[in-house]
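This report describes a predicted model. It takes up charged pairs, strands, aromatic rings and pockets in turn.

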Amino acid sequence: MISKQERYQFRKDRSRRKLQGNAFTRPRLSVYRSGRYMYAQVVDDAKGLTLAAASSLDKELKGKADSGKSLAAAKVVGALVAKRAIEKGVKNVCFDRGGRVFHGRIKALADAAREAGLNF
């Protein structure tokens, strides 16, 4: 029987292979979710640069969400990273969920980034 960790690794590898096809056409919005916080960054793989980043630890987000691991915090982080990316001139990105299931906080962050103006 396949373990939960092995399923996660298969998902992560599958999403990496899919993203490699788009790696040099547009930047990717990479999302990391820990037990306590959410992190998102827009990365240009061709140049090896981080164009925009936001997390639930940012000083701008203090008081906007109860904790860093809530759906409200994920929505605020998504909107903030989208705003920062658009300021840098990035509108089209690939969404890199890092092998996580597109559900819950990952989905909330993606929806907020779409509403703020990012296309993926």
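## Salt bridges

The predicted model contains seven salt bridges. One of them joins the side chains of Asp96 and Arg16, with N and O 2.7 Å apart. This pair connects distant parts of the chain, since Asp96 belongs to strand E4 and Arg16 to helix H1, with their positions 80 residues apart in the numbering. Asp96 has a relative accessibility of 0% and therefore counts as buried. Arg16 has a relative accessible area of 31%, so Arg16 is partly exposed.

A further salt bridge is formed by Asp45 and Arg28, whose closest N and O atoms are 2.9 Å apart. Here too the pair links distant parts of the chain: Asp45 sits in the loop between strand E2 (38–44) and strand E3 (49–55), while Arg28 is in strand E1 (residues 28–33), and the two are 17 residues apart. Asp45 counts as partly exposed at 28% relative accessibility. Arg28, in contrast, has a relative accessible area of 19%, which falls under the 20% cut-off, and Arg28 is therefore buried.

## A pair within one helix, and a network

Which element holds both Asp111 and Arg114? Both lie in helix H3 (residues 105–116), three residues apart, or about one turn of the helix. Their side chains meet in a salt bridge with an N to O distance of 3.4 Å. Asp111 is partly exposed, with a relative accessible area of 27%. Arg114 is partly exposed as well, at 38%.

Salt bridges with shared partners join Arg16, Arg28, Asp45 and Asp96 into one network. Two of the pairs described above fall within this network: Asp96 with Arg16, and Asp45 with Arg28.

## Strands E1, E2 and E3

E1 and E2 run antiparallel and are joined by six bridges. Together they form a hairpin, with four residues between the two strands. Within this pairing, Arg28 stands opposite Val43 of E2. Arg28 is also the residue whose side chain forms the salt bridge with Asp45, in the loop that follows E2 and leads to E3.

E2 and E3 likewise run antiparallel, with six bridges between them. One bridge pairs Tyr39 with Ser55 in E3. These two strands also form a hairpin with four residues between them, and Gly48 in the turn has a positive phi of about 75°. Is E2 enclosed or open, and why? Five of its seven residues are buried, so E2 is largely enclosed by the rest of the structure.

## Aromatic rings

The model has three aromatic pairs. In one of them, the ring centres of Phe95 and Phe102 are 5.9 Å apart and the ring planes stand at 90°, so the pair is edge-to-face. The cut-off for that class is an angle over 60 degrees. Phe95 counts as buried at 18% relative accessibility, whereas Phe102 is partly exposed, with a relative accessible area of 34%.

Ring pairs connect Phe95, Phe102 and Phe120 into a cluster.

## Largest pocket

The largest pocket has a volume of about 270 Å³. Its lining comprises 14 residues, and those nearest its centre are Ser15, Lys18, Leu19, Phe95 and Arg97. Two elements each give two or more residues to this lining: helix H1 (4–20) and strand E4 (94–96). H1 gives the most, with four residues.

By residue class, the lining of the largest pocket divides into six nonpolar, two polar and six charged residues. Phe95, which lies among the residues nearest the centre of this pocket, is also part of the ring cluster with Phe102 and Phe120. The elements H1 and E4, which contribute to the lining, are also those linked by the salt bridge between Arg16 and Asp96.

## Second largest pocket

The second largest pocket has a volume of about 160 Å³. It is lined by 13 residues, of which Ser56, Leu61, Ala65, Ser67 and Gly68 lie nearest its centre. The lining of this pocket consists of six nonpolar, four polar and three charged residues.

Note on methods: Residues are numbered from 1 along each chain as its sequence is written. This is a predicted model: local features need pLDDT of at least 70, side-chain atom pairs count only at pLDDT 80 or more; totals for chains, interfaces and linings use all residues. Side-chain values use heavy atoms; hydrogens and water are left out. On a 1 Å grid over the protein atoms alone, a cavity is a set of points where a 1.4 Å probe fits but cannot get out, and a pocket is an open set with protein on both sides within 12 Å along at least five of seven lines; lining residues have an atom within 4 Å of a point. Grid points are joined across faces, edges and corners, and a volume is the space filled by probe spheres set on the points. Ala, Val, Leu, Ile, Met, Phe, Trp, Tyr, Cys and Pro count as nonpolar, Asp, Glu, Lys and Arg as charged, and the others, Gly among them, as polar. A salt bridge is a side-chain nitrogen of Lys or Arg within 4 Å of a carboxyl oxygen of Asp or Glu. Buried means under 20% relative accessible area, exposed over 50%, partly exposed in between (1.4 Å probe, protein chains only). Rings of Phe, Tyr and Trp (its six-membered ring) pair if their centres lie within 6.5 Å; planes under 30 degrees apart count as stacked, over 60 as edge-to-face and the rest as tilted. Two strands pair if DSSP finds at least two bridges between them.
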